Amino acid sequence: MAETVTPKLDKSVFNVEVKNHELLKLAYESYLAEGRQVGAKTLKRGEVRGGGKKPWRQKGTGRARFGSSRNPIWRGGGVAFGPTGSENYAKKITKSAKKVALRQALTLANQAKKITVDEIKLTGKTKDAAKALKDKKLDNKRRILYVVDAKTDAIMRSTNNLPNVEVLSAKYLTVYHILNADTIIVTPPAVEIVNEWLKEGK
């Protein structure tokens with residue numbers, strides 16, 4: 001039986017120059033912005049109920065003229081320049097820039113010795129997955145990122161109830177997940193996918 005060869009981490013992906021962290025910051029914030037929910041909404045003066053009748057007549061009262069009690073300067077009135085509920089907080093980042101940021105994040109993780117090329121045998125049982133992590137002395141890690149070539153039912157059933165483990169398909173790697181992980185386990189097939197996807201010139 002032929003011996004399985006563990007793929008190497010491509011230097012153009014896992015060992016690039018990181019001049020500054022501005023691009024990493026943009027990619028990190030871009031991921032968070034994509035998942036941001038817009039729930040805040042205020043009513044403008046035209047949306048507040050009531051206020052149809054003029055509070056007092058135009059002249060002769062000695063007071064300032066007013067047309068509606070729903071004016072923003074009145075208590076109970078509308079809100080000027082408040083959130084509308086349709087705000088877009090997304091931050092633009094090009095595909096090529098995102099790849100550069102991913103290479104930089106993987107480089108930093110590799111330099112910190114956070115990345116391991118390995119495969120955890122998962123049977124679909126949580127206790128087996130927990131034992132496998134303990135055998136590899138990873139059970140004390142707070143955030144483990146397990147990168148696979150494709151999610152399977154057995155993988156998800158094994159890890160769903162492990163709060164410190166997050167499973168991610170290689171093609172869905174993000175700067176956010178890489179930077180937040182305490183340790184990153186990448187399966188051999190996933191390494192090949194990442195090498196092919198992110199190597200320079202692609």
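**Entry 1: the largest pocket**

I began with the lining of the largest pocket in this predicted model, and I found that its residues divide into eight nonpolar, three polar and four charged. The space inside the largest pocket comes to about 320 Å³. I then looked up which of the 15 lining residues come closest to the pocket's centre, and these are K98, L102, L173, T174 and W197. When I asked which elements give two or more residues to this lining, I arrived at α2, which covers 22-34, α3, which covers 95-111, and α6, which covers 175-180.

**Entry 2: the second largest pocket**

I turned next to the second largest pocket, for which I noted a volume of about 170 Å³. Its lining is made up of R143, I144, L145, P163, N164, V165, E166, Y176, H177, N180 and A181. Two strands, β2 (144-148) and β3 (165-169), and the helix α6 each give two or more residues to this lining. Which element gives the most here? I found that α6 does, with three residues. I sorted the lining of this second pocket by kind as well, and wrote down six nonpolar, three polar and two charged residues.

**Entry 3: the sheet**

I followed the strands next, and they form an open sheet of four with the order β1-β4-β2-β3, in which the pairing is parallel. At the edges I found β1 (115-117) and β3, each of which pairs on one side only. From one strand to the next, the twist averages 20 degrees.

I then looked at how β1 is held to its partner: three bridges join β1 to β4, the strand of residues 183-186, and the two run parallel. Taking I115 as an example, I looked up its bridge partner in β4 and found I184. I also noted that helix α7, residues 188-198, packs on the sheet, where it touches β1, β2 and β4, and that its direction makes about 95 degrees with that of β4.

**Entry 4: the whole chain**

Last, I stepped back to the protein as a whole, which has seven helices and four strands. Reading from the N terminus on, I wrote the order of its elements as α-α-α-β-α-β-α-β-α-β-α.

What radius of gyration does the protein have, and what would a compact globule of 202 residues have? I found 27 Å for the protein, whereas such a globule would be near 17 Å. I set beside this the span of the C-alpha trace along its principal axes, which is about 100 × 40 × 25 Å.

Methods: Residues are numbered from 1 along each chain as its sequence is written. This is a predicted model: local features need pLDDT of at least 70, side-chain atom pairs count only at pLDDT 80 or more; totals for chains, interfaces and linings use all residues. Side-chain values use heavy atoms; hydrogens and water are left out. On a 1 Å grid over the protein atoms alone, a cavity is a set of points where a 1.4 Å probe fits but cannot get out, and a pocket is an open set with protein on both sides within 12 Å along at least five of seven lines; lining residues have an atom within 4 Å of a point. Grid points are joined across faces, edges and corners, and a volume is the space filled by probe spheres set on the points. Ala, Val, Leu, Ile, Met, Phe, Trp, Tyr, Cys and Pro count as nonpolar, Asp, Glu, Lys and Arg as charged, and the others, Gly among them, as polar. Two strands pair if DSSP finds at least two bridges between them. Axes are lines fitted to C-alpha atoms, for helices over the stretch in contact, and angles run from 0 to 180 degrees between N-to-C directions. Contact means heavy atoms within 4.5 Å. The radius of gyration is taken over C-alpha atoms; the globule rule is 2.2 Å times the number of residues to the power 0.38.
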